[in-house]
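Me: I would like to learn how to read this structure, feature by feature. Where should we begin?

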Number of protein chains: 2
Amino acid sequence: MQGTRGPGRRAGLSRDRVLDAATDVIAEHGAVTMRAVAQRLGVAPNTLYSHVADKTELVDGVLDRVLAQVEAPGPDPGGDPGDAIHRLMTSTHDVLLRHPQLLPAFLTRQGARGENAHRLGAVMLEHLAAAGITGDAAREALRVLIVYTIGFAAFDGAPEERPVPGSELRDNFDRGLRWLIAGITAGEAPDRRSESLR
Amino acid sequence: MQGTRGPGRRAGLSRDRVLDAATDVIAEHGAVTMRAVAQRLGVAPNTLYSHVADKTELVDGVLDRVLAQVEAPGPDPGGDPGDAIHRLMTSTHDVLLRHPQLLPAFLTRQGARGENAHRLGAVMLEHLAAAGITGDAAREALRVLIVYTIGFAAFDGAPEERPVPGSELRDNFDRGLRWLIAGITAGEAPDRRSESLR
DNA sequence: CCTTCGAACTGTACGGTGTCCAATTTAACT
DNA sequence: AGTTAAATTGGACACCGTACAGTTCGAAGG
């Protein structure tokens, strides 16, 4: 039984395996700890720093992996851009709710700055452009939608008293989301709405 | 020079003075620490536990004090309830932005559960009732508005790159808020609106 | 006035956290 | 083969929240 490994003995880690372990730990205990991740990997805590610069980088990695599960419908000429936006934000909301434990981390890191987040933002801007919204107006609309979605998921994932069943919360989210999309696609730039065809 | 105080020697603290010190500390360093608060008061760290049960209770206290600064316009018969709601949420947004350091704490505690938060919620429900929105619909609308406001403030208060000037962010917040209020006061409960008297 | 008692406060300490440093070993490259 | 960079470890540091058991004060009751 060679239970303990001496210094230098490889454990075969990788950034991916570290992030996997971190995801598991956060799913089980609701919070990450360098030591907990290391223990799950059968490794000394410091080892993680060979694959991850910081704890924040570790958390960011986990967050971005979760965001990778969001279904981002591509541009659909002929389809309603509002519908596409609605689907994308709903998928994001669902994905976030599927991992309620890391919603606090999501909030404090303000939405993750990883590549998947970037990808989703780009897709959103495409849909907004298809709806005739570009430039600053598009960026503002995007910000509003992101804030709303993450914020709502965070409040839903709260471990407090739960008088409201999940389905009702989903409806609640859906209703507010429709209000926002309606406002975005309808009344933007009320002074000059010439080429807003439809 | 009697610099150090022996055990038992009173320091003249009170819950209020502790919360004051905590507010200052959080304003300077962006985070609270029992030890930091104690040091600022010239007191041993444990002393705080005579005036505050927990660190979370301390943070909650600070949060609720900040929320006390929000101007909550009373019910105004004849006035537009939508305007009142708009003013209240805008005031909340301003107050939150005035204390960007404790926005993370606000988020992780999901909006503070203190008595001022309660008061603001009650006022909001009054205004919603004045707009003909009651019961579950009112609670849903309130949730949407709170999520949006806190979420937006949190994104604004982020210490990241700031390509957007503050005034523009305020306009951005304002626009989204109007969309939400429009949706709330216009199309609520489209299927069964029988006893929604008005 | 004296006694009593609860509350304020301190010293100390425990278990936990993130992270740095110097060693050690291994795998890969030349 | 020898050299080198990377992976891993033990150990340590500084900090965190907080529990425990004492000390001392201020006020209340006789």
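Reply: Begin with a single residue. This is a predicted model. Ala68(A) sits in the loop between helix H3 (55-67) and helix H4 (81-98) of chain A.

Me: Is Ala68(A) buried, exposed or partly exposed?

Reply: Count neighbours. A residue is buried if 20 or more other C-beta atoms lie within 10 Å of its own, and exposed if 12 or fewer do. Ala68(A) has 14 other C-beta atoms within 10 Å, so it is partly exposed. For a distance across the fold, take Leu125(A): its C-alpha atom is separated by 18 Å from that of Ala68(A), and the two are 57 residues apart along the chain.

Me: Where is Pro77(B), and how do I class it?

Reply: Pro77(B) is in the loop between H3 and helix H4 (81-98) of chain B. Pro77(B) counts as exposed because it has 5 C-beta neighbours inside 10 Å. Its C-alpha atom and that of His127(B) are separated by 9.9 Å, with their positions 50 residues apart along the chain.

Me: And Ile146(B): buried or exposed?

Reply: Ile146(B) is in helix H7 of chain B. It has 21 other C-beta atoms within 10 Å, so it is buried. Its C-alpha atom is separated by 23 Å from that of Gly30(B), 116 residues apart along the chain.

Me: Now the whole chain. How many helices and strands does chain A have?

Reply: Read the elements in order. Chain A has eight helices and zero strands. Its pattern along the sequence is α-α-α-α-α-α-α-α. Of the 198 residues in chain A, 34% are buried.

Me: What do the contacts of chain A say about sequence separation?

Reply: Set aside the short-range pairs. Take contacts in chain A between residues at least 6 apart in sequence: 71% of them join residues at least 24 apart.

Me: How do I read one helix, say H1 of chain B?

Reply: Check its length, then its buried face. Helix H1 of chain B covers residues 15-29. Its 15 residues reach 21 Å from first C-alpha to last, close to the 21 Å expected at 1.5 Å a residue. Its buried residues are Val18(B), Leu19(B), Ala21(B), Ala22(B), Thr23(B), Val25(B) and Ile26(B).

Me: What covers the buried residues of H1(B)?

Reply: The cover includes helix H2 (34-40) and helix H3 (55-67) of chain B. Look also at what follows the helix. Just after H1(B), Gly30(B) takes a positive phi of about 80°.

Me: What does the same check give for H3(B)?

Reply: H3(B) has 13 residues and reaches 18 Å between its first and last C-alpha atoms, close to the 18 Å expected at 1.5 Å a residue. Its buried residues are Leu58(B), Val59(B), Gly61(B), Val62(B), Leu63(B), Val66(B) and Leu67(B).

Me: How are the two chains related?

Reply: Superpose one on the other and read the operation. A turn of 179° and a shift of 0.1 Å along the axis lay chain B on chain A with an RMSD of 0.1 Å. The two copies are thus related as by a two-fold rotation axis.

Me: Which residues and elements make the contact?

Reply: Take the count, then the elements, then the chemistry. Chain B gives 23 residues and chain A gives 23 residues. On the side of chain B that touches chain A, helix H5 (103-108), helix H7 (135-156) and helix H8 (166-186) of chain B each give two or more residues. H7(B) gives the most, with ten residues. By class, that side of chain B has 14 nonpolar, six polar and three charged residues. The copies meet through the same surface, because 100% of the interface residues of chain B are also interface residues in chain A.

Me: What does the UniProt record add for chain A?

Reply: Map each annotation onto the model. The unreviewed UniProt entry places "domain: HTH tetR-type" at residues 12-70 of chain A. That span is 59% helix and 0% strand, and its end C-alpha atoms lie 30 Å apart. The unreviewed entry also gives a "DNA-binding region" covering residues 33-52 of chain A. That span is 35% helix and 0% strand, with its end C-alpha atoms 13 Å apart.

Me: Where in chain A is confidence lowest and highest among the helices?

Reply: Start from the average. The mean pLDDT of chain A is 84, and 84% of its residues reach 70 or more. Confidence is lowest in helix H5 (residues 103-108) of chain A, at a mean of 75, and highest in helix H2 (residues 34-40) of chain A, at 98. Then check the tail. Over residues 188-198 of chain A, pLDDT stays under 50, and the model has five contacts there beyond four places in sequence. Where pLDDT is low, the predicted coordinates should not be read in detail.

Methods:
Residues are numbered from 1 along each chain as its sequence is written. Chains are lettered from A and ligands numbered from 1 in the order in which they are written. This is a predicted model: local features need pLDDT of at least 70, side-chain atom pairs count only at pLDDT 80 or more; totals for chains, interfaces and linings use all residues. Copies are superposed by least squares on the C-alpha atoms of residues with pLDDT of at least 70 in both. Two residues are in contact if their C-beta atoms, placed from the backbone, lie within 7 Å. UniProt positions are given in the numbering used here, feature names are shortened, and annotations may be inferred rather than shown by experiment. Helices (H or I, at least four residues) and strands (E, at least two) are DSSP runs, numbered from the N terminus. The expected span of a helix is 1.5 Å times one less than its number of residues. Ala, Val, Leu, Ile, Met, Phe, Trp, Tyr, Cys and Pro count as nonpolar, Asp, Glu, Lys and Arg as charged, and the others, Gly among them, as polar. pLDDT is the predictor's confidence in each residue, from 0 to 100.
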